[in-house]
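This briefing concerns the structure displayed below. Its topics are metal coordination, cysteine chemistry, a pocket and selected residues.

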Amino acid sequence: MTEKISGGCACGAVRYEATGEIEFSFNCHCRKCQRSTGTGHSSAFALPVSMLEIQGDIREFQAGSDAGVETFSGFCPNCGSPMTSRTKRFPERIYIHAATLDDPGVFHPTFSVFEECAQPWDPPRKDLEPAPR
Ligand SMILES: [Zn+2]
Ligand SMILES: [Zn+2]
């Protein structure tokens, strides 16, 4: 994914564009992602925050701490769509939920993380690599 990507929330109040290299794409089965998405896992990709241009307002809440480091989940304050997530451990990186893409077909996760938290009704994909921790 090196071309221009774009996406937005369900209501259209938040739009984003990014041009450049996606760092990595993954599925996360952690409890924070389960709670913030209401599903068994989140699918997201990481990119440098400097690449991202956001139109509209993303509201962030502190989604607890990840090994003692604060993390933040971003959503559209109008429709509630989960959009982004950030951690203070990697302040120059932002994670974007894959289903916000205008063309979700360009998303290709290569590994999954927190498989130990996966629910029996949403097991991790067996064809993905384990997490590069
Ligand atoms: Zn919205
Ligand atoms: Zn997670």
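In this predicted model, four cysteine sulfur atoms coordinate the zinc ion (ligand 1): the SG atoms of Cys9, Cys11, Cys76 and Cys79, at 2.3 to 2.4 Å. A further zinc ion (ligand 2) has Cys28 (SG), Cys30 (SG) and Cys33 (SG) as its protein donors. The points below are grouped by topic.

**Zinc ion (ligand 1)**

- The arrangement around the zinc ion (ligand 1) is tetrahedral, because its four donor atoms subtend angles of 106 to 113°, and the criterion requires all angles to lie between 85 and 135 degrees.
- For reference, the ideal angle for four tetrahedral donors at a metal is 109.5 degrees.
- Along the sequence, the donor residues of this ion show the spacing C-x1-C-x64-C-x2-C.
- Are the donors cysteine 9 and cysteine 11 buried or partly exposed?
- Cysteine 9 has a relative accessible area of 12% and is therefore buried, since buried means under 20%.
- Cysteine 11, at 39% relative accessibility, counts as partly exposed.

**Zinc ion (ligand 2)**

- The three protein donors of the zinc ion (ligand 2), Cys28 (SG), Cys30 (SG) and Cys33 (SG), lie 2.1 to 2.3 Å from the ion.
- Their spacing along the chain is C-x1-C-x2-C.
- Two of these donor residues, cysteine 28 and cysteine 30, are buried.

**Cysteines and disulfides**

- How many disulfides does a search of the whole structure find?
- The search returns zero disulfides.
- Cysteine 117 accordingly takes part in no disulfide, and the nearest cysteine sulfur to it, that of cysteine 30, is 6.8 Å away; the cut-off for a disulfide is a pair of sulfur atoms within 2.5 Å.
- The relative accessibility of cysteine 117 is 21%, so this residue counts as partly exposed.

**Second largest pocket**

- The volume of the second largest pocket is about 180 Å³.
- Which residues line the second largest pocket?
- Its lining consists of Thr37, Thr39, His41, Ser42, Ser43, Pro82, His97, Ala98, Ala99 and Thr100.
- Classified by type, this lining comprises seven polar and three nonpolar residues, with no charged residues.
- Alanine 98, one of the lining residues, is located in the loop between strand S9 (93–97) and S10.
- With a relative accessible area of 5%, alanine 98 is buried.
- Alanine 98 and valine 49 are separated by 49 residues in sequence, and their C-alpha atoms are 16 Å apart in space.

**Backbone at phenylalanine 114**

- Most residues other than glycine have a negative phi.
- Phenylalanine 114 is not a glycine, yet its phi is positive, at about 55°.
- This phenylalanine occurs in the segment after strand S10 (111–113).
- Phenylalanine 114 has a relative accessible area of 28% and so is partly exposed.

**Loop residues**

- Where is aspartate 57 placed?
- Aspartate 57 sits in the loop that joins strand S5 (52–55) to strand S6 (59–66), and at 46% relative accessibility it counts as partly exposed.
- Aspartate 57 and asparagine 78 are 21 residues apart along the chain, while their C-alpha atoms are separated by 9.0 Å.
- Glycine 68 belongs to the loop between S6 and strand S7 (69–75).
- Its relative accessible area of 65% makes glycine 68 exposed, because the threshold is over 50%.
- From glycine 68 to methionine 51 the C-alpha distance is 27 Å, with their positions 17 residues apart in sequence as the separation.

**Strand S8**

- Threonine 87 is part of strand S8, which covers residues 82–87.
- A relative accessible area of 9% classifies threonine 87 as buried.
- The C-alpha atoms of threonine 87 and phenylalanine 72 are 6.2 Å apart, and the two residues are 15 residues apart along the chain.

Key
Residues are numbered from 1 along each chain as its sequence is written. Chains are lettered from A and ligands numbered from 1 in the order in which they are written. This is a predicted model: local features need pLDDT of at least 70, side-chain atom pairs count only at pLDDT 80 or more; totals for chains, interfaces and linings use all residues. Side-chain values use heavy atoms; hydrogens and water are left out. On a 1 Å grid over the protein atoms alone, a cavity is a set of points where a 1.4 Å probe fits but cannot get out, and a pocket is an open set with protein on both sides within 12 Å along at least five of seven lines; lining residues have an atom within 4 Å of a point. Grid points are joined across faces, edges and corners, and a volume is the space filled by probe spheres set on the points. Ala, Val, Leu, Ile, Met, Phe, Trp, Tyr, Cys and Pro count as nonpolar, Asp, Glu, Lys and Arg as charged, and the others, Gly among them, as polar. Donors are N, O and S atoms within 2.8 Å of the metal (3.2 Å for Na, K and Ca); water is not among the atoms, so sites may look incomplete. Four donors count as tetrahedral if all angles lie between 85 and 135 degrees; four count as square planar and six as octahedral if opposite donors are over 155 degrees apart and all others between 65 and 115; anything else is irregular. Buried means under 20% relative accessible area, exposed over 50%, partly exposed in between (1.4 Å probe, protein chains only). Helices (H or I, at least four residues) and strands (E, at least two) are DSSP runs, numbered from the N terminus.
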